[in-house]
Amino acid sequence: MDNLSFHDGNIFNLLHTRSQDPSHEVDQRMQFHSSLVRRLSQEQELEGHQGCVNALAWNSNGSLLISGSDDLRINIWNYSSRKLLHSIDTGHTANIFCTKFVPETSDELVVSGAGDAEVRLFNTSRLSGRAEDDNAIIPSALYQCHTRRVKKLAVEPGNPNVVWSASEDGTLRQHDFRESTSCPPAGTAHQECRSVLLDLRSGAKRALADPPKQTLSLKSCDISATRPHLLLVGGSDAFARLYDRRMLPPLASSRKRMPPPPCVNYFCPMHLSERGRTNLHLTHVTFSPNGEEVLLSYSGEHVYLMNVNNGTGIMQYTPGDVDNLFSFSNNLHDVESPPQVSTTPQNGFHRSSNAATVKKCTELVEIAKWSLEEGTDVFYAIEAANEVLDAHSNDIESALRHECLCTRAALLLKRKWKNDAHMAVRDCHNARRIDASSFKAHYYMSEALQQLGKCKEALDFATAAQHMNPSDADIVAKVESIKRDLQAAGAEKNEETGAGTTRVLSLSDILYRSEANSDSSHDMSRSEREDSDYDEELELDIQTSLSDDEGRDTDSNSMRGSLNLRIHRVGDDKPMENTVDNASSGTASSSQNDRTSYQPEGAIDMKRRYVGHCNVGTDIKQASFLGQRGEYIASGSDDGRWFIWEKQTGRLMKVLVGDESVLNCIQCHPFDSVVATSGIDNTIKIWSPTASVPSIVAGGSAGPATANVVEVMESNQQKLSRNRENPLSVELMQRFRMQEFAEGNFHPFECTQS
């Protein structure tokens, strides 16, 4: 795919245009041109912290960079000299997770939020004239009203008076420096801090169809630069929420838990909106530079792009649409009409003639089909199909688009990365919209549904495909394979039913037990089911015993010993009985009643997915738009690398090693072709296009890196799959850490599970 051209034109043409007619638009397009992105390499390493660097932010003109760390300090760096200007001893008592320059204050005011649940404001002008080691200053404002870790701060361009803080206590608070510069600690008798803008302590949703119930532990928030009244938040469920601050109720205190206010839009990929993904949560949400798109990064998942407005071509779905996608009886009422060939300019350049585009797309589809037949270069074959479908869909005829959809679906099913089967379902559905009698669309749909464990639906599509081509040996084998899976699932179900009510429930059974009457659960083995109907809040009484000779297993990196659990509903006096009847009595019926009375909202579906990285180890991992036009997407990864994709097609552009352990933060300079990154290392890396040759990996004077990019991504996908198979691990680790903090046993330099 290296010989495939990019969509931002020739950089020499841009340079010529700028010399003839300088304009801001040309400068924007030049900032992160594809030829510069592929020359990015590490320019400098900034040393000055003594702990993990969890937060980075540029000031508005790009002259300063601010960083926050586990060492409880805020550092301010000069961009031109790459030197440390100030190192502020903040007085925080736990890891700093977020820091910002306050706009329109001559960059003198900076704000920080930390694991001690505090928000602190500092005036850096107070450091002038002091000795280099005299860097402790009293906060200009101190807000202690949160009860859990403050994970993200937001500021409004042009507003020097207000900062917003998002916390794991389920509230987003608005702090106005003009009204107060302090508030008493949470829980004190005299506390009446009316700063709660969003109360989401009863706002988390298990699925799109379910009513909000549990606390939504907020992990991230952002304010639109172009429409500052729009506020985006994400946290401990699968749904990002868009709010219009003008429509929210007045600021309130936290004494009384309020129902969550209605949001403008929910954002969630359709395949992540179903029940059973209890450990799924967002680590970062952000607006695009023009405010028209949002980017979501999930723990244990991928990065997804979505449109803000539910306009033409944007799919807003309801819970019923999820089932319809898998249903053979779906009448495909939205069958496609022939596309209109677009003649509008793209990125400032007129598209090549339609004949040349069709020829190029035909060749790419043939490359993808060849890779499918040979079973080689599957990743690059999928990228070839992405180029056709995501960049030229309106330029080609329906027949070629149908062929490409079916080919990409087959390639995804062969690759088998996380949620590839769901993407294949989408392609097959769209192929059926073009040709409702397509054998390939039905065959690959049956394969995708079988991989997802939806064997009843898979059999419907396989049987239909067999009727279309009875002599095809592959479809005959497929039908028999699905029937065997159905028989095995039925036998396992009968075995479980025959065990009666004496089976002791495991912790996984209790917390994530499958819905008793779910049609899909009847088709799947218990090991494949992750759904749960147990909605009530639980408490765990945990007693551990660990002897010296048991210790830590260095090979498996796990603790060995005994773990005793007592599980009971919050508000009950006695523990739960560990039997099927007692665990399920009353709970299922109350949950069903809640869902019956609740009228679920719709959600905006994904526009594009970006894959290759791994986001499991930390919950502060960012995904960012690069450049003023936001034409490239970047994300950190648990393998210490950071990945850059072309936004339009999802094509992987660059992979760079930026940390010895985990890379979390990526912040693009406002105007220059420069990126700052940080992670578990104590340093900040500065990247610029200084490599001598363009490459998908690090290049330059030392020569191109020899690492196999596909092998790196395969390894990351295996980590994601292991995280999926053990959904309790991250959740329990976070609960243990919060308990440690409450008991005063918090270790500020443990940042690998931030």
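**Entry 1: helix H7**

How many Å should the 18 residues of H7 span at 1.5 Å a residue, and how far apart are its end C-alpha atoms? I began here, keeping in mind that this is a predicted model. At 1.5 Å a residue I expect H7 to span 26 Å, and since its end C-alpha atoms are 25 Å apart, the expectation and the model agree.

I then asked how many of the 18 residues of H7 are buried. The count is 16, so I note that H7 is largely enclosed by the rest of the structure. Just after the helix comes Lys 416, and I wrote down that its phi is positive, near 65°.

**Entry 2: the whole chain**

I stepped back to look at the protein chain, which has 754 residues, 55% of them counted as buried, and which holds 16 helices and 35 strands. For its accessible surface I noted about 32,300 Å², with 47% of that belonging to carbon and sulfur atoms. I also looked up contacts with a separation of 6 or more, and found that residues 24 or more positions apart account for 63% of them.

**Entry 3: the nonpolar cores**

In soluble globular proteins, nonpolar side chains tend to be buried together. With that in mind I looked up the largest nonpolar core, which has 72 residues, and I listed the members that touch the most others: Phe 267, Val 294, Leu 296, Tyr 298, Val 425 and Tyr 444. Helix H7, residues 398-415, gives the most to this core, with 9 residues. The core draws at least three residues from domain 1 (50-318 + 601-722) and at least three from domain 2 (325-329 + 355-488).

Which residues does Tyr 444 touch, not counting residues up to four places away in sequence? I found Leu 372, Cys 406, Ala 409, Ala 410, Leu 413 and Cys 428. Apart from this core lies another, of 19 residues, and among them I noted Val 303, Phe 625, Trp 645 and Val 712.

**Entry 4: aromatic pairs**

A pair of aromatic rings is described by the distance of the centres and the angle of the planes. I counted 11 aromatic pairs in the structure, and I looked at two of them in detail.

For Phe 439 and Tyr 443, the ring centres are 6.0 Å apart and the planes stand at 25°; because planes under 30 degrees apart count as stacked, I recorded this pair as stacked. Both residues belong to helix H9 (residues 439-451), and being 4 residues apart there, they are separated by about one helical turn. Are these two residues buried or partly exposed? Phe 439 has a relative accessible area of 21% and is partly exposed, whereas Tyr 443, at 18%, counts as buried, because the cut-off for buried is under 20%.

The pair of Tyr 610 and Trp 645 is tilted, with 5.8 Å from centre to centre and 45° between the planes. Tyr 610 lies in strand S28 (residues 608-610) and Trp 645 in strand S31 (residues 641-646), so the pair ties together parts that are 35 residues apart in sequence. I checked burial here as well: Tyr 610 has a relative accessible area of 0% and Trp 645 one of 1%, and I marked Tyr 610 as buried and Trp 645 as buried too.

I also noted one aromatic cluster, formed by Phe 379, Tyr 380 and Trp 417.

**Entry 5: residues in loops**

Where is Arg 82 placed? I found it in the loop between strand S4 (73-78) and strand S5 (83-89). Its phi is near 60°, a positive value in a residue other than glycine, and at 14% relative accessibility Arg 82 counts as buried.

Asn 419 has its place in the loop between H7 and helix H8 (420-434). Its phi is near 70°, again a positive value in a residue other than glycine, and with a relative accessible area of 7% Asn 419 is buried.

Lastly I looked up Cys 268, which sits in the loop between strand S18 (265-267) and strand S19 (281-287) and is buried, with a relative accessible area of 0%. Leaving out residues up to four places away in sequence, I found that Cys 268 touches Ala 238, Phe 239, Ser 273, Tyr 298, Met 306, Tyr 317, Ile 604 and Asp 605. I added one distance, between the C-alpha atoms of Cys 268 and Asp 237: the two residues are 31 apart along the chain, and these atoms are separated by 9.9 Å.

Conventions:
Residues numbered from 1 in each chain as written. Predicted model: local features only at pLDDT ≥ 70, side-chain atom pairs only at ≥ 80, totals over all residues. Heavy atoms only, no water. Helix = DSSP H or I, 4+ residues; strand = E, 2+ residues; numbered from the N terminus. Buried < 20%, exposed > 50% of the residue type's maximum accessible area, 1.4 Å probe, protein only. Contact = heavy atoms within 4.5 Å. Areas by Shrake-Rupley, 256 points an atom, 1.4 Å probe, with all protein chains shown as cover. Core = buried A, V, L, I, M, F, W, Y, C linked by side-chain atoms within 4.5 Å. Domains from an automatic or database assignment. Expected span 1.5 Å × (residues − 1). Phe/Tyr/Trp six-rings, centres within 6.5 Å; stacked < 30°, edge-to-face > 60°.
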